[in-house]
Amino acid sequence: MRAIGSSALISCLLISSAVIADDKIVKIGNLGDQSSLYADLGGPGSTIAAQLAIEDSGLTKKGWIIDVIAADHLNKPDVGAGIARQWFDVDKVDAIIDVQNSGVALAVAGIAKEKNGVFLPSGPATSDLTGKACNPNTIHWAYDTYALANGTGKTITRNGGETWFFLTADYAFGHALQRDTTAVVEANGGNVLGSVNVPLNAPDFSSFLLQAQASKAKVVGLANAGGDTTNSIKQASEFGIAAGGQKLAALLLFITDVNALGLDVAQGLTFTESFYWDMNDGTRAFSKRFSERMKTHAMPTMSQAGDYSSTLHYLKALEAMGGNPHDGAKVVAQMKKLPTDDPLFGKGYVREDGRKIHPVYLFEVKKPAESKYAWDYYRLVSTIPAEEAFRPLAQSECPLIKK
Amino acid sequence: MLLHSTITSQQLFGQLLVGLINGSFYALLSLGLAVIFGMLGIVNFAHGALYMLGAYVALFLLRELSLSYWVALVVGPLVVGTVGALLQRTLLRRLAGLDPLYGLLLTFGVALVIQGAFENFFGASGSPYPIPVQLSGAQNLGFMILPNYRLWVISFSLAVCLSTWLVVEKTKLGAYLRAATENPALVQAFGINVPRMIMLTYAFGAALAALGGVLAAPIYQVRPGMGAELVSVVFAVVVIGGMGSILGSIITGFALGLIEGITKVFYPEASSTVVFVIMAGVLLLKPAGLFGKTA
């Protein structure tokens, strides 16, 4: 009896220690909008970006088994949350990347903390991911609403755009972007005359554009993204917003949006992004490999570049730890210790609140005559250094940072 | 949010006009659906995909063959009408006589396949399509700036809707069609080729959807998802108007465009759901729809 008991105890200890030991198996999940208005910003392209990062990490040659799977959150927080839960609980997914749609991202961040997984969003914008909703399992990559507001909002307000009217996508992202941009506008002597909340994915903006015209604001701020932005820009040109003396501020614009609009309509738009495929040899080399694998041969967007960068850094951290402990908070802590360096975002680091820090750029869309080759869309206006681009820790509401 | 208290009656007129213009889109699309359901008993969930196909045909004609919007207005519906005829002939015909639910499922599946295929090859963001030169510019009406293209949309849709209604209700061809759907065997006994008539009716409904697509291409972004967003609203319009009534769907389309326009001014957050709230209400009070005939 006793012998059986003690051998059972010893075998239990052996099994449990085997479970705790690090292994070289990694599973990454790309949870994104694979089919609707945000699909070109991340979606299937993010899976390709992750695969490129896996190849570039060199870990598969060293015996690691690394997989990427993908799922569609349909822009619904409950669907996204359900998939995230299933992935962490049942499918042994270690890290979730991408997740365009801030509403879904906030839900998934909570689940990543609960299940002790890793969450590396490059898709969503809301700065709350490193503010009120920050947690030790989440690193917000690529960009956020603060960086967009600080870049575009500040520049336009200082250049004669003192009064604003917002067209806001009616969910977490739109509200966060409007809030952050309003703060910047008011801090620079401007005034917000009004706003209108537009349901997500509505095709017709004529009513809202009429309201913007009636407000007589100097700037019409578009606090929306993807398909909503392209529709509002196209219809703004139809309703003569610019001809009437109002400036259009596309607060979040991706290169795929510019491609969808065409330079005739998009020319002159000023906006903020943290990545452009044609900036230097490093970005060009990556983008060439990326577009060869994309069915549409599109160039990578800022989010897809972010997914490459975050996946690469994640794998570097795992390599430094010698194996995958399947413990989200531990890996994220390691990712914060290591400085980041990749050809896409250059040198940077991850801050204690989970914010990835790197420089951000102000771009202007070229006129059709200035564009010399395919996807030659942007002109660099200015660079915002890494230390100024994101919300200073002193202003942060993140409970993780010690004040 | 600001305009609840400060909207002038002038601005309200502008919003109502814009609402009417959107209503003309709904009317045109729900017309095709009503024709297909009223005549053939098929709940055509592929309507949104056919609308999208119409827009893409216009896009290809411009990009590859440099053919203008005006050519697309004719060729688009013809091409998509042919696709519709093929669809009916090969797939839908097999479901004749079965529960309408089968037609719904089949057309829904077809819609997903078409949309998925386009997204795969062309991406979800879509492509630019310009407003034709002859219709660019805008009129300053005093209370608002009305783009010339939108004026064209409402006039053209009205014309198409009224002519369709006239053909179906007032001509001999329309009478054959209505008879053929009520009692195919008897009408066939008179020597009229009923199966071909049914195929052509479906093709006509598809062509109407494609016409909507070509009309939409210059103002809405041409993307694979463009139909999916619109088709639920259009279905609600048809249900409210009465599934078999053509006049009902036209009038309801315009009316709902107006109501949606007012909602966008006073409570914009609800503007994408107000149509469904009304649909729920109508179904509770008058299940056959406002203009529908109880079978």
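# Putting the terms to the test

Q: Leaving aside its neighbours within four places in sequence, which residues is Gly14(B) in contact with?
A: With those neighbours set aside, Gly14(B) is in contact with Leu210(A), Phe143(B) and Met144(B). Two residues are in contact if their C-beta atoms, placed from the backbone, lie within 7 Å. Please keep in mind that this is a predicted model: local features need pLDDT of at least 70, side-chain atom pairs count only at pLDDT 80 or more, and totals for chains, interfaces and linings use all residues. Residues are numbered from 1 along each chain as its sequence is written, while chains are lettered from A and ligands numbered from 1 in the order in which they are written.

Q: Why is Gly14(B) called buried?
A: Buried requires 20 or more other C-beta atoms within 10 Å of the residue's own, exposed means 12 or fewer, and partly exposed lies in between. Gly14(B) has 26 C-beta neighbours inside 10 Å, so it counts as buried. Gly14(B) lies in helix H2 (residues 9-40) of chain B; helices (H or I, at least four residues) and strands (E, at least two) are DSSP runs, numbered from the N terminus.

Q: What does H2(B) give to the side of chain B that touches chain A?
A: In that contact, 39 residues of chain B meet 41 residues of chain A. H2(B) gives the most to chain B's side, with 5 residues. By class, this side has 20 nonpolar, 14 polar and 5 charged residues. Here Ala, Val, Leu, Ile, Met, Phe, Trp, Tyr, Cys and Pro count as nonpolar, Asp, Glu, Lys and Arg as charged, and the others, Gly among them, as polar.

Q: How do you know that the length of H5(A) agrees with its number of residues?
A: The expected span is 1.5 Å times one less than the number of residues. For the 14 residues of H5(A) (residues 145-158) this should come to 20 Å, and the end C-alpha atoms are 19 Å apart, so the two agree. Just after H5(A), Gly160(A) takes a positive phi of about 100 degrees.

Q: What makes H5(A) largely enclosed by the rest of the structure?
A: Of its 14 residues, 12 are buried, so the helix is largely enclosed. Among them are Tyr146(A), Leu148(A), Asn150(A) and Ile156(A).

Q: How does H5(B) fare when its span is checked?
A: Its 23 residues should span 33 Å and its end C-alpha atoms are 33 Å apart, so H5(B) agrees too. Its buried residues include Leu106(B), Ile114(B) and Phe118(B), and what covers the buried residues includes helix H3 (47-65) and H10 of chain B.

Q: Why is Asn101(A) called buried or exposed?
A: Asn101(A) has 35 other C-beta atoms within 10 Å, so it is buried. Asn101(A) sits in the loop between strand E3 (95-98) and H4 of chain A, and its phi is near 95 degrees, a positive value in a residue other than glycine.

Q: Why is Ser66(B) called buried or exposed?
A: Ser66(B) has 8 other C-beta atoms within 10 Å, so it is exposed. Ser66(B) is in the loop between H3 and helix H4 (69-90) of chain B. Ser66(B) has a positive phi of about 50 degrees although it is not a glycine.

Q: How do you know where the largest nonpolar core lies relative to domain 1 and domain 2 of chain A?
A: A nonpolar core is a set of buried Ala, Val, Leu, Ile, Met, Phe, Trp, Tyr and Cys residues joined through C-beta atoms within 7 Å. Of the 219 residues in the largest one, Ile96(A), Val108(A), Val220(A), Ala55(B) and Ala210(B) touch the most other members. Domain 1 (23-143 + 279-358) and domain 2 (146-273 + 360-389) of chain A both give residues to this core, so it lies between them. The bounds come from an automatic or database domain assignment, and 27 Å separate the two domain centres, taken over C-alpha atoms. The contact takes 23 residues from domain 1 and 24 residues from domain 2 of chain A.

Q: What makes chain A as compact as a globular protein of its length?
A: There are 14 helices and 14 strands in chain A. The radius of gyration of chain A is 22 Å, close to the 22 Å that the globule rule gives for 403 residues, so chain A is as compact as a globular protein of that length. The radius is taken over C-alpha atoms, and the rule is 2.2 Å times the number of residues to the power 0.38. Buried residues make up 59% of chain A.
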